[in-house]
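The exercises below treat sheets, metal sites, charged pairs and cavities in turn. Please attempt each task before reading its solution.

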Amino acid sequence: MKITRRHFLKMGAMAGAGLALPLGALSVPVGRLAASAAVRSPSVEPFAVPLPIPPVARPVDARGDARGDARRGARRGADHYEMVQKAAMQEILPGLKTEVWGYDGVFPGPTIEARRDRPVVVRQWNELPVPVSVHLHGGKTPPESDGYPTDLIVPKGHGHGAQAHAAHAAHGEPGEHAHMFKDYSYPNAHRAATLWYHDHRMDFTGPQVYRGLAGVYVLRDEVEDGLPLPGGEREVPLVITDRTFREDGSFYYPSLDPTLQEEPGVLAHAANGMYGDTVLVNGAPWPQLEVSNTMHRLRILNASNARSYELALDPPPPGGKSFVQVGSDGGLLEAPVPHSSIVAAPAERFDVVVDFSRYPVGTEVTLKNLRGEGRTSDVMRFVVARRDKEESSVPERLAPDLDFPDPDDVEVTRKFQFIAGVGGGVSAINMKVFDPGRIDARPRLGSTEIWEISADPSHPFHMHLVHFKVLSRDDGPPGPYDAGWKDTVSLEGGTVRVAVRFEGWRGKYVFHCHNLEHEDMMMMANFEVV
Ligand code: C2O
Ligand code: CU
Ligand code: CU
């Protein structure tokens, strides 16, 4: 896309104030921006509401109602789901109602439970007033189901031409293939892992995810089944987000166009990311979970737009580190990695085991955010409420050889630079802003490449389709949170080298910064597997 002059000026104007600030710092906004930045959520008593667990999605005519399958043109041996994206009122802050935009009207969306090599097909209906696109983050998905930013499901009434979406025409290809629903198919031909699905609409991903369009997708396999890790109610998804609320309970997000119809972008104070003042876990503010004095497996997903967390337990358990990491974005590690704290950038997943038997029954254990301030320095609380029998353990070997790419196989090394605020506000990769029509890399199917990503200052780098192995940080070894297969890695203002094997499908995919405000400001690019 060529940035239209209008678009460009707007970007400049809105980010101008932010630019003078050290990038990434949440500093004092100026002028007219102060008012909006000063929105402060109603206060909530922390650790007062129970941790909700998102509902598990139920397949429709799961295992082959022949008529249903035929009607849907369904694939045999696949699990079929239907989800309706719609607005609904949800009690997030006690006593107040928040309008959420959710998959099936809930935030976070229903959890999809998938098995390796058993395909899932999700029919997504759009009953929202805006176009949507659904991306399965971490999935190795054929391009037509990957949720490309302009591959939209348009709302009712936007009809054929997607008139109301004209502003979008600047980005090309609106409307033509527009439908009110779309079937996404996920082959699930990869290792067990914690994935997630979320909105990916061009220019508006930030506000649409913020309103609630995100859910967990757990992929399981036999390797994982064979391990004695905690399961059942001792396996808990933790979807961490931060939000700011207005006094009436509605979400506050500083869109230039709050209807999300025409103009993309945010007020300057949020140009480097929208940071909320209220931490939600599974959609509840600073919730509390009662646990038995046993090991629990926590599938942590940072689904926040921009905030990174450094998670720690307070008090730390005596005798050993707080967390034993068993999995990363791309599934189980070969061997567990203990951590006393975990830094999770947006979109990263950390699969960890916490052994609550190290605390006396009755202990309250707070999950802290060491990078937070004031209210954002707390995340949730565990209460070790009762005694129970230990049934789990963390074996010394988790997964067989992870089959990482061999650096000897590398054919191509590519370099990408992520810089926020170039040219008066837009965020760019190699000084270029996103253009759906421009391909920045053409890796060969089956080939291995090294991608060297540098950042100013810190951006969560994410690739669709592939997982990668972190090789180095600033010429040193990988960092403590880089173990295993990754699809998102935090570039902490330095240079990260990753090895990637391009497998699965040919076609066009995006890679981008997963700070969603940066992404919407076009810090995104295409690669095409050829
Ligand atoms: Cu989680 Cu392109 O996104
Ligand atoms: Cu993704
Ligand atoms: Cu960024």
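**Exercise 1. Two open sheets**

Four strands form an open sheet with mixed pairing, in the order S3-S8-S7-S5. Strands here are DSSP runs (E, at least two residues; helices are H or I, at least four), numbered from the N terminus, and two strands pair if DSSP finds at least two bridges between them. The model is predicted: local features need pLDDT of at least 70 and side-chain atom pairs count only at pLDDT 80 or more, while totals for chains, interfaces and linings use all residues. Residues are numbered from 1 along each chain as its sequence is written, chains are lettered from A and ligands numbered from 1 in the order in which they are written, and side-chain values use heavy atoms, with hydrogens and water left out.

Task: State which strands stand at the edges of the sheet S3-S8-S7-S5, and describe how S3 is joined to S8.

Solution.
1. The edges are strand S3 (109-115) and S5; each has a single partner strand, so one side of each lacks a neighbour in the sheet.
2. From one strand to the next, the twist averages 20 degrees (axes are lines fitted to C-alpha atoms, for helices over the stretch in contact, and angles run from 0 to 180 degrees between N-to-C directions).
3. S3 and strand S8 (residues 214-220) run parallel and are joined by five bridges.
4. Within this pairing, Ile112 has Tyr217 in S8 as its bridge partner.

Task: Give the strand order of the other open sheet of four strands, and say how S4 and S6 run.

Solution.
1. The order is S2-S1-S4-S6, and the pairing is mixed.
2. Strand S2 (98-103) and strand S6 (181-186) are the edge strands, each pairing on one side only.
3. Neighbouring strands of this sheet are turned by 20 degrees against each other on average, direction ignored.
4. Strand S4 (residues 120-126) and S6 run antiparallel, with six bridges between them.
5. Trp125 has Phe181 of S6 opposite.

Both directions of pairing fit a general rule: strands of a sheet pair through backbone hydrogen bonds, either parallel or antiparallel.

**Exercise 2. Copper sites**

Task: Determine which residues coordinate the copper ion (ligand 2) and whether His135 and His462 are buried or exposed.

Solution.
1. His135 (NE2) and His462 (NE2) coordinate the copper ion (ligand 2) at 1.9 Å. Donors are N, O and S atoms within 2.8 Å of the metal (3.2 Å for Na, K and Ca); water is not among the atoms, so sites may look incomplete.
2. His135 belongs to strand S5 (residues 134-137) and His462 to strand S26 (residues 458-463), so the pair ties together parts 327 residues apart in sequence.
3. His135 and His462 are both buried (under 20% relative accessible area; exposed is over 50%, partly exposed in between, with a 1.4 Å probe and protein chains only).

Task: Identify the protein donors of the copper ion (ligand 3) and their spacing along the chain.

Solution.
1. The donors are His459 (ND1), Cys513 (SG) and His518 (ND1), at 1.9 to 2.1 Å from the ion.
2. Their spacing along the chain is H-x53-C-x4-H.
3. His459 in strand S26 and Cys513 in strand S30 (residues 507-513) link distant parts of the chain, 54 residues apart.
4. His459 is buried, at 0% relative accessibility, and Cys513 is likewise buried at 0%.

**Exercise 3. Salt bridges around Arg501**

Task: Find which residues form salt bridges with Arg501.

Solution.
1. A salt bridge is a side-chain nitrogen of Lys or Arg within 4 Å of a carboxyl oxygen of Asp or Glu. The structure holds 35 salt bridges.
2. Asp403 is one partner of Arg501, with the closest N and O atoms 3.5 Å apart.
3. This pair links distant parts of the chain, 98 residues apart: Asp403 is in the loop between S21 and strand S22 (410-422), Arg501 in strand S29 (residues 495-501).
4. Glu503 is another partner, meeting Arg501 at 3.2 Å, N to O.
5. Arg501 is buried, with a relative accessible area of 15%, whereas Asp403 is partly exposed at 45% and Glu503 is partly exposed at 37%.

**Exercise 4. Cavities**

Task: State how many cavities of 30 Å³ or more are counted and what volume the largest has.

Solution.
1. On a 1 Å grid over the protein atoms alone, a cavity is a set of points where a 1.4 Å probe fits but cannot get out; lining residues have an atom within 4 Å of a point. Grid points are joined across faces, edges and corners, and a volume is the space filled by probe spheres set on the points.
2. The count is two cavities of 30 Å³ or more.
3. The largest cavity has a volume of about 70 Å³.
4. Its lining includes Asp203, Phe204, Tyr253, Glu263, Glu517 and Met521.

How values were computed: 1 Å grid on protein atoms, 1.4 Å probe; cavity = no way out; pocket = protein on both sides within 12 Å on 5 of 7 lines; lining within 4 Å.
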